[in-house]
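The following paragraphs lead through one protein model, from its overall dimensions to its sheet, its helices and a few individual residues. Please keep the sequence and the coordinates at hand while reading.

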Amino acid sequence: MTHAPLPLARLAEIEDASLNASAAPQQLWMDGWLLRFSPGKAKRARCIHALAQGRTSVAAKLARAQACYAQAGLPLVLRITPFSEPANLDDELAAAGLQRLDPTVVLAADLAHLDHHAELPAGVELTPLGHAGFAHVVGRLRGSPMAQQQAHAERLAASPTPFHAFALMQDGVILACGQYAREDCYVGLYDVFTAPQARNRGLARTLCAALLRQARALGATTAYLQVDVGNDAALAVYRRLGFAEGYRYHYRAADPDRA
């Protein structure tokens with residue numbers, strides 16, 4: 001059952017928690033913009049987050065940021081949320097020729113209302129993984145290159161918000177994996193992935209339920225996660241768990257093919 005969305009103030013706190021959970025070791029602050037440079041797969045860790053109005057124009061900051069990302073060997077990408085500053089930033093970036101890509105929905109829910117009681121199937125075990133082990137497991141399942149796997153492991157190890165990673169295993173074979181990051185009362189689900197040969201068995205829902213049970217026992221009361229707008233299968237899983245849409249975000253990039 002899906003419940004009513006959370007109020008805007010709670011959603012803003014979720015955005016803060018997700019920023020902390022995706023913090024990159026390589027980042028700098030530039031006049032209201034947080035620039036991140038982790039060379040992994042996650043755009044949140046290698047893009048610009050416009051968090052404050054700043055003193056200089058968007059055009060001036062774009063020029064400075066472009067030089068920073070060129071030096072890092074990464075494309076210039078900005079993340080646009082309902083909390084981005086200034087309020088017309090998306091229009092300014094569109095006028096500057098940056099193209100819109102990767103629309104994403106943030107789902108949220110009160111843990112007290114979630115259906116998180118799914119039991120593990122017979123013969124399936126929930127196995128904890130270390131940061132490096134998890135980054136390589138999910139990287140292999142996704143087909144990510146080794147450089148992205150290593151960047152992912154580095155970011156997890158350095159995260160100010162602790163991550164707890166697990167795999168569902170049967171007879172030594174990994175069926176699905178995922179992790180959660182808890183900050184105070186908020187818990188975010190990240191990198192939930194089911195192996196191709198194990199899909200359509202309800203394992204993603206089972207895994208998420210197990211992770212949420214753990215987080216709730218540690219004091220979490222509100223859960224959140226992020227899904228591509230077009231990922232209907234994942235959205236269906238999370239809505240059956242009880243998540244509701246909180247807000248949406250997207251990215252802007254001068255060269256979407258490189259983003």
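For a chain of 259 residues, a compact globule would have a radius of gyration near 18 Å, and because the protein chain has 18 Å, the value agrees with that expectation. The model is a predicted one, and every value quoted here is computed from it. Taken along the principal axes, the C-alpha atoms of the protein chain fill a box of roughly 60 × 40 × 30 Å. Of the 259 residues, 49% count as buried, and among contacts between residues at least 6 apart in sequence, 70% join residues at least 24 apart. The secondary structure of the protein chain comprises seven helices and 11 strands.

The sheet is a convenient place to begin. Its 11 strands form an open sheet with mixed pairing, and they follow one another in the order E1-E2-E3-E4-E11-E5-E10-E9-E8-E7-E6. At the edges are strand E1 (27–30) and strand E6 (125–129), each of which pairs on one side only, while the twist from one strand to the next averages 25°. Helix H2 (residues 58–72) packs on this sheet, where it touches E1, strand E2 (33–36), E3 and E4, and its direction makes about 15° with that of E2. Two of the strands that H2 touches, E3 (residues 48–50) and E4 (residues 77–80), pair with each other in the parallel sense over two bridges, and in this pairing His49 has Arg79 of E4 as its bridge partner.

His49, which lies in strand E3, deserves a closer look. Is His49 buried or exposed? Its relative accessibility is 2%, and because the cut-off for a buried residue is under 20%, His49 counts as buried. A polar atom of the His49 side chain lies 2.8 Å from the backbone oxygen of Arg44. Not counting residues up to four places away in sequence, His49 touches Leu19, Gly32, Trp33, Leu34, Arg36, Arg44 and Arg79, so that Arg44 and Arg79 each appear a second time in the description of this residue.

Elsewhere on the sheet, helix H4 lies across E6, E7, E8 and E9, running at about 125° to E8. The 12 residues of H4 should span 16 Å at 1.5 Å a residue, and because its end C-alpha atoms are 16 Å apart, the length agrees with that expectation. The buried residues of H4 are Phe134, Ala135, Val137, Val138 and Gly139, and what covers them includes E6, H5, E7, E8 and E9. An α-helix has 3.6 residues a turn, so residues three or four places apart point the same way. After H4 comes Gly143, whose phi is positive, near 80°.

Helix H5 (residues 146–158) has 13 residues and reaches 18 Å from its first C-alpha to its last, close to the 18 Å expected at 1.5 Å a residue. Its buried residues are Gln149, Ala151, His152, Ala153, Arg155 and Leu156, and the elements that cover them include helix H1 (8–21), helix H4 (131–142), strand E7 (163–170), strand E8 (173–183) and strand E9 (186–194).

Pro25, in the loop between H1 and E1, makes contacts with Glu154, Arg155 and Ala158 when residues up to four places away in sequence are not counted. With a relative accessible area of 41%, Pro25 is partly exposed, and its C-alpha is 8.1 Å from that of Phe37, a residue 12 places apart from it in sequence.

Helix H1 also holds Ser18, which counts as buried at 3% relative accessibility. Which residues does Ser18 contact once its neighbours within four places in sequence are left aside? They are Tyr190, Tyr224, Gln226 and Tyr247. Ser18 and Gly188 are 170 residues apart in sequence, yet their C-alpha atoms are 7.2 Å apart in space.

The last residue considered here is Thr222, in strand E10 (residues 222–228), which is buried with a relative accessible area of 0%. The side chains of Thr222 and Arg10 are joined by a polar contact of 2.4 Å. Beyond four places in sequence, Thr222 touches Leu6, Arg10, Ile14, Ala109, Leu111, Cys185, Tyr186 and Val187.

Methods:
Residues are numbered from 1 along each chain as its sequence is written. Side-chain values use heavy atoms; hydrogens and water are left out. Helices (H or I, at least four residues) and strands (E, at least two) are DSSP runs, numbered from the N terminus. The expected span of a helix is 1.5 Å times one less than its number of residues. Buried means under 20% relative accessible area, exposed over 50%, partly exposed in between (1.4 Å probe, protein chains only). Contact means heavy atoms within 4.5 Å. Two strands pair if DSSP finds at least two bridges between them. Axes are lines fitted to C-alpha atoms, for helices over the stretch in contact, and angles run from 0 to 180 degrees between N-to-C directions. A polar contact is a pair of N or O atoms within 3.5 Å; within protein, one must be able to donate a hydrogen and the other to accept it, and residues adjacent in sequence count only if both atoms are side-chain atoms. The radius of gyration is taken over C-alpha atoms; the globule rule is 2.2 Å times the number of residues to the power 0.38.
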